[in-house]
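Please look over the sequence and the three-dimensional model shown here before reading on. The paragraphs below are meant to be followed with the structure open beside them.

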Amino acid sequence: MSWVTGEVNLTRLTSLRPIVDHMLARILVAAATLLGLPATAAAAEDPAAAVPGAVVAAPVVVVGIAGLTWDNLTEDGAPTLWRMLEDGAGAAAMTVRTVHSPPCPLDGWLSLSAGRAATDPQPHRDRDCTAIPSVTDGTVDGWSGLVQAQHDSVYDPTLGLLGTTLADNNVCATAVGQGAALALATRQGQVARYYPTAQTARWDCPVTMVDAGILDRRRDPGRALRQADDTVREVLEKAPPTAAVIVLGVSQPLHSTLAMSAVLVTGPRAAGHYLTAQSTRWQGIVRLLDIPSTIVAAAGVPEPNDFTGAPLIASGTRPSAADTVSKLADVTHRDRDLRRSSGWFVNGLAAAVLLAIAALAVLRHTGRRTRTVEFSLLALAALPLCSYLVRLIQWWRWPVPLAALWLGMLLGAVALAFALRRLPRAVTVLAGITVVVLALDAITGTVLHHGSPLGPSPLSGGRYYGFGNTTFVVFAVHAVLFATGVARWLRSRSGTAVAAAAVAAIGLVTVVVDAWPTWGADVGGGFAIVPAFVLLTLDVLRRRIGVVRLLLTGAAAVVAVALISVLDWLRPAASRSHAGRFVEDLLNGDGLGVVTRKAGYAFGSLSGGPHLWLAGLLLLYLLAVVVARRQVAPAWFERAVTERHYLWGCFVAIVTIAAIGSAANDYGLRIALLTFAVAGPPLALTIARAGSRVTGEADLTHPRR
């Protein structure tokens, strides 16, 4: 199913075979090299063939318009661009966010130059964007200052990498306009072929870059768009007939809110298709950083290791020009609604859980009936699952999208809780449903994520596919809950060994789904899931957890994640996920920078506000309970875990997810906050009912007696 088209895409189910083929091919090439045998290079005969589905081959002309979005594109305002769509140009919405938000034109052109997120010398928040420097005698003015600014960036990009890569491989490249000169300059800031305007330019190089101007929402954007459209028309007239022309927005419009840019590609391979890339795996969504990778692939040049994009490829037939513009413009509007809802969802869920648990404690202390509060806790436990299932109603198509989003989630959670309320193992069933739904979604392309407040954000430009930090928490916590329930049920029927084997099997499936490059693609999650399930398995076996076993648990997590990461690295560079690229970074000596950057983000969560400080304090206390339960745990908790020992293993596993997840992921303490919000309702229900004989109880594992 596509988020753009809303249609089921069954081809995702058969995507494993080419992946395996790529891996086997990589292994065979490595083996041939070790044995001294010649490796085949048939793919090099046609550069575009090296990337299955690639839509661009040399000669290629790239036209950058700073601020071009799908909201700009109308038949009257941009007739040339509209005609390109009507003639079948491939289309996609493009993420242009780089280091700063909102990104300025200079950020975009420099990012094209480096193949990764770059920045201008001064942060431009709350001020006008830095002007694009001029070119004097073939050298970009102030180049050394631009280079120096990148050393202070967390991404440490190498300016001039695109131009140097083309020059070192004897690929002729022409820059037309100041922004294009930035993109094609070498590492020394020099541009071999530079023309200030399209009228004076030559078009005989395999690669040509054109700066078609800037759209400013405050300064007659309509006139600027018509001028840019005229430049595109001139390019189409003068470019070689066989050239693929890429028109894209290199940044968002000046003085506007964050938006997705537009990208159009002419040529037979792109005709009538949406575009995507392996960096997003999302039909109709690409990144600005995919353009440098597209250029070098089209020119038949090896991609530098520092590039973080992937070549553009075709992905599904697109509709008419008008429908394409409408659907791709909706990507921005939809994501804005989701981003506004995301923080409210997580923080609101955590607050609701605290209130419900407090109400439950008060009512039980006074001896009053707690069924209403318990039902509320069951509904809160179902809410994370419903935040993904709400995508099925296509809430963005309703007259009031945000109302449809929230009502869909809340009513779905209530309905699911009502359906499960009388089951003796309601929480176990709910956890199993959640795990199965998220696993199937991962295997089939994480489509449910594309309309969820817990899913990825194309506007933010972080993760586009697989399990993000929020989904990792939901998936891992419910997998632990489900495994605990299954273990309790099996232990009373088949014995301890079978129960422990079931927990280990569920843990294996969980870590594979979460970390496998073509499914969850979550590196940090594996470091938390493996120890959590090892500790849960040891608890089922009633084994003591000593220092040696803790060290072995940590080693097992590292080995599991490393194995999956190396398998991902064995695939072609354009097909790798975060895990494979991290292995490449390690081999090139850049791994420490990646770890430092993510650690900085995690540490930065300490400044997120009082709710995260409270989450951090609670995490420290729960860790103290794990280490010295009898000394620091409250009496009611001690009674609950003494009566039902399986609760202790479940508790330890969830605290492990919160602790290691917070340390291993760039979300930091937000992981702990969400873990408590997701795990709180089912654990509260189970602990409150320990020893209870209430008919129809929603206990984690224990049947009605």
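What follows is a walk through this predicted model, from its overall make-up to its helix contacts, a pocket and some individual residues.

The protein contains 23 helices and twelve strands. Of its 705 residues, 56% count as buried, and among the contacts between residues at least 6 apart in sequence, 74% join residues at least 24 apart.

Helix packing is a useful place to begin, since two packed helices are described by the angle between their axes and the distance between the axes. Helix α2, which spans residues 79–86, takes part in two contacts that can be set side by side, one with α7 and one with α9. In the contact with α7, which covers residues 221–238, the two axes come within 7 Å and cross at roughly 55 degrees. That angle makes α2 oblique to α7, because an angle counts as oblique when it falls outside the ranges for roughly parallel, roughly antiparallel and roughly perpendicular, the last of which runs from 65 to 115 degrees. On the α2 side the contact is made by P79, T80, L81 and M84, which meet D229, V232, R233 and L236 of α7. By class, the residues of this contact divide into five nonpolar, one polar and two charged.

The contact of α2 with α9 has its own geometry: here the axes come within 8 Å and cross at roughly 105 degrees, and the two helices are therefore roughly perpendicular to each other. W82, L85 and E86 of α2 meet A321, A322, T324 and V325 of α9, and the residues of this contact divide into five nonpolar, one polar and one charged.

Returning to α7, one may pick out R223, which lies in that helix. Is R223 buried, exposed or partly exposed? Its relative accessible area is 48%, so R223 counts as partly exposed, given that the exposed class begins over 50%. The C-alpha atom of R223 is separated by 8.6 Å from that of G77, although the two residues are 146 apart along the chain.

Helix α9, which runs over residues 321–366, also leads to the second largest pocket, for it is one of the helices that each supply at least two residues of the lining. The others named with it are α19 (610–627), α21 (635–643), α22 (646–664) and α23 (669–688). The second largest pocket holds about 1,200 Å³ of space, and of the 37 residues that line it, the closest to its centre are I357, W636, G680, A684 and I687. Sorted by class, the lining has 29 nonpolar, five polar and three charged residues.

Within α22 lies T656, which counts as buried because its relative accessibility is 11%, under the 20% limit. When its neighbours within four places in sequence are left aside, T656 is in contact with A528, P531, A532, L535 and G661.

Helix α8, made of residues 290–298, is mostly covered, with nine of its nine residues buried. These buried residues are D290, I291, P292, S293, T294, I295, V296, A297 and A298. Just after α8, G300 takes a positive phi of about 75 degrees.

The backbone deserves a closer look as well, because most residues other than glycine have a negative phi, and most peptide bonds are trans. Where, then, does the chain carry a cis peptide bond? The bond from A58 to P59 is cis, with omega near 0 degrees, and P59 lies in the loop between α1 (16–35) and β1 (60–66).

Positive phi values occur at R281, where phi is near 50 degrees in a residue other than glycine, and at A521, where phi is again near 50 degrees and the residue is likewise not glycine. R281 is placed in the loop between β10 (273–276) and β11 (285–287), while A521 is found in the loop between α14 (496–515) and α15 (523–540). How accessible is R281 in its loop? At 15% relative accessibility, R281 counts as buried, because the class of buried residues takes in values under 20%. A521, with a relative accessible area of 2%, is buried as well.

Terms used
Residues are numbered from 1 along each chain as its sequence is written. This is a predicted model: local features need pLDDT of at least 70, side-chain atom pairs count only at pLDDT 80 or more; totals for chains, interfaces and linings use all residues. Side-chain values use heavy atoms; hydrogens and water are left out. Axes are lines fitted to C-alpha atoms, for helices over the stretch in contact, and angles run from 0 to 180 degrees between N-to-C directions. Helices (H or I, at least four residues) and strands (E, at least two) are DSSP runs, numbered from the N terminus. Angles under 35 degrees count as roughly parallel, over 145 as roughly antiparallel, 65 to 115 as roughly perpendicular and the rest as oblique. Contact means heavy atoms within 4.5 Å. Ala, Val, Leu, Ile, Met, Phe, Trp, Tyr, Cys and Pro count as nonpolar, Asp, Glu, Lys and Arg as charged, and the others, Gly among them, as polar. On a 1 Å grid over the protein atoms alone, a cavity is a set of points where a 1.4 Å probe fits but cannot get out, and a pocket is an open set with protein on both sides within 12 Å along at least five of seven lines; lining residues have an atom within 4 Å of a point. Grid points are joined across faces, edges and corners, and a volume is the space filled by probe spheres set on the points. Buried means under 20% relative accessible area, exposed over 50%, partly exposed in between (1.4 Å probe, protein chains only).
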